[in-house]
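The exercises below ask you to read geometric features from a model and to justify each reading step by step. Please look at the structure before turning to the solutions.

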Amino acid sequence: MSGHEFQSFFPDSGEVDMTDTSTSIDEATMAELRDLAGRYPQARSALLPMLHLVQSVDGRISPAGIEACADVLGISTAQVSGVATFYTMYRRRPGGKHHVGVCTTALCAVMGGDTLLEKVSAKLGIEPDETTADGTFSLERIECNAACDFAPVMMVNWEFMDNMTPAKADKLIDDLAAGKDVSSTRGAKITSWREAERVLAGFTDGRADEGPSAGEASLLGKSIADANGWAAPKPEDAK
Ligand code: FES
């Protein structure tokens, strides 16, 4: 082996677990799936949010969820599972109450992301793509979350935890495990992965404006430009 082979971090992600037939999808869920399908000119465009709704209800992409999406959209279960297994945000196994991601892509890696992942993994007693026995935490090695100016970055239920250190991660996990109120470093209150999935499905929780939409580090260049009266040249002035 050359040593330069691309290493996949999803080598064992596998298929949806068809042996776990448990589901909490009921008539109310079916009505919400139909609601989502009705929001698009072409109903099939709703498949991604519909799968997020399935996750919010069943804690994973369940066989019943695949069938429900296929029924509502009039497509095959193979077409639904093909989509569900393509994207890493769709889980094939149950996630935890809190889904913790640690970024180890280039800039976060340089800033200690791999060490952070090791520490969090040891603290939780699970490897990436596993869930703790009590169902409180699941862990994922994540790719760049477009927050490189706050590296190294962790996510909890897809909320940003910026400029993390092993000590901060340790306290964060302790606080979440103890059920204490925890907020993202950008302000949003941490609820649960399933609640976040419901928001991703398109059912707002009224908290979209908690915290700034962009952090200070991301806006630094703009604020320097503003202070100096700098502006991008107009296209018509470009020679
Ligand atoms: S490399 Fe981690 S957020 Fe970009």
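**Exercise 1.** In this predicted model, locate V182 among the secondary structure elements, decide whether V182 counts as buried, partly exposed or exposed, and list its contacts beyond four places in sequence.

Solution. Begin with the position along the chain: V182 lies in the loop that connects α7 with α8, the latter spanning 193-201. Next, count the neighbours: there are 18 C-beta atoms inside 10 Å of V182, and because a residue needs 20 or more to be buried and 12 or fewer to be exposed, V182 is classed as partly exposed. Then set aside the neighbours within four places in sequence, which leaves L172, D175, L176 and I190 in contact with V182. For one of these partners, L172, the separation is ten residues in sequence, while the C-alpha to C-alpha distance to V182 is 7.7 Å.

**Exercise 2.** Determine how helix α6 is oriented relative to helix α7, and identify the residues through which α6 and α7 meet.

Solution. Take the helix limits to be residues 113-124 for α6 and residues 166-177 for α7; their axes come within 10 Å and cross at roughly 30°. Since angles under 35 degrees count as roughly parallel, α6 is therefore roughly parallel to α7. The crossing of α6 past α7 is right-handed. On the α6 side the contact involves T115, L116, K119, V120, K123 and L124, and these meet P166, A169, D170 and I173 on the α7 side. Sorted by class, the residues in this contact of α6 with α7 are six nonpolar, one polar and three charged.

**Exercise 3.** Carry out the analysis for helices α1 and α2, stating the angle at which they pack and what class of orientation follows from it.

Solution. Helix α1 covers residues 27-37 and helix α2 covers residues 47-58, and their axes, 9 Å apart, make an angle of about 160°. Angles over 145 degrees count as roughly antiparallel, and so α1 and α2 are roughly antiparallel to each other. The handedness comes next, and α1 passes α2 in a right-handed crossing. The residues making the contact are T29, E32, L33, L36 and A37 from α1, together with P49, M50, L53 and V57 from α2. Seven of the residues in the contact of α1 with α2 are nonpolar, one is polar and one is charged.

**Exercise 4.** Which peptide bond is cis, given an omega of about -5°, and what is notable about phi at W158 and at N163?

Solution. The background is that most residues other than glycine have a negative phi, and most peptide bonds are trans. The cis bond joins A151 and P152, and P152 is placed in the loop between β2 (137-142) and β3 (154-156). Turning to the backbone angles, phi of W158 is near 70°, a positive value in a residue that is not glycine; W158 sits in the loop between β3 and β4 (159-161). N163 also has a positive phi although it is not glycine, with a value near 50°, and N163 belongs to the loop between β4 and α7. As for the surroundings, W158 has 17 C-beta neighbours inside 10 Å and counts as partly exposed, and N163, with 17 such neighbours, counts as partly exposed too.

**Exercise 5.** Describe the overall architecture of the chain: how many helices and strands are there, and which residue ranges does the domain assignment give?

Solution. First, the chain comes to nine helices and four strands, and read from the N terminus the order is α-α-α-α-β-α-α-β-β-β-α-α-α. Second, the domain assignment gives domain 1 as 12-94 and domain 2 as 98-192, with 26 Å between their centres taken over C-alpha atoms. Third, consider the whole: the C-alpha atoms fill a box of roughly 60 × 50 × 50 Å along the principal axes, and buried residues make up 31% of the 239 residues. Finally, of the contacts between residues at least 6 apart in sequence, 63% join residues at least 24 apart.

**Exercise 6.** Place M89 in the chain and give the C-alpha separation between M89 and R60.

Solution. M89 lies in the loop between α4 (77-84) and β1 (98-103). Its C-beta count is 15 other atoms within 10 Å, so M89 is partly exposed. Along the chain M89 and R60 are 29 residues apart, and their C-alpha atoms are separated by 10.0 Å.

Definitions and conventions
Residues numbered from 1 in each chain as written. Predicted model: local features only at pLDDT ≥ 70, side-chain atom pairs only at ≥ 80, totals over all residues. Axes fitted to C-alpha atoms, helices over the stretch in contact; angles between N-to-C directions. Helix = DSSP H or I, 4+ residues; strand = E, 2+ residues; numbered from the N terminus. Parallel < 35°, antiparallel > 145°, perpendicular 65-115°, else oblique. Left-handed = near helix turned anticlockwise from the far one by under 90°. Contact = placed C-beta atoms within 7 Å. Nonpolar A, V, L, I, M, F, W, Y, C, P; charged D, E, K, R; others polar. Domains from an automatic or database assignment.
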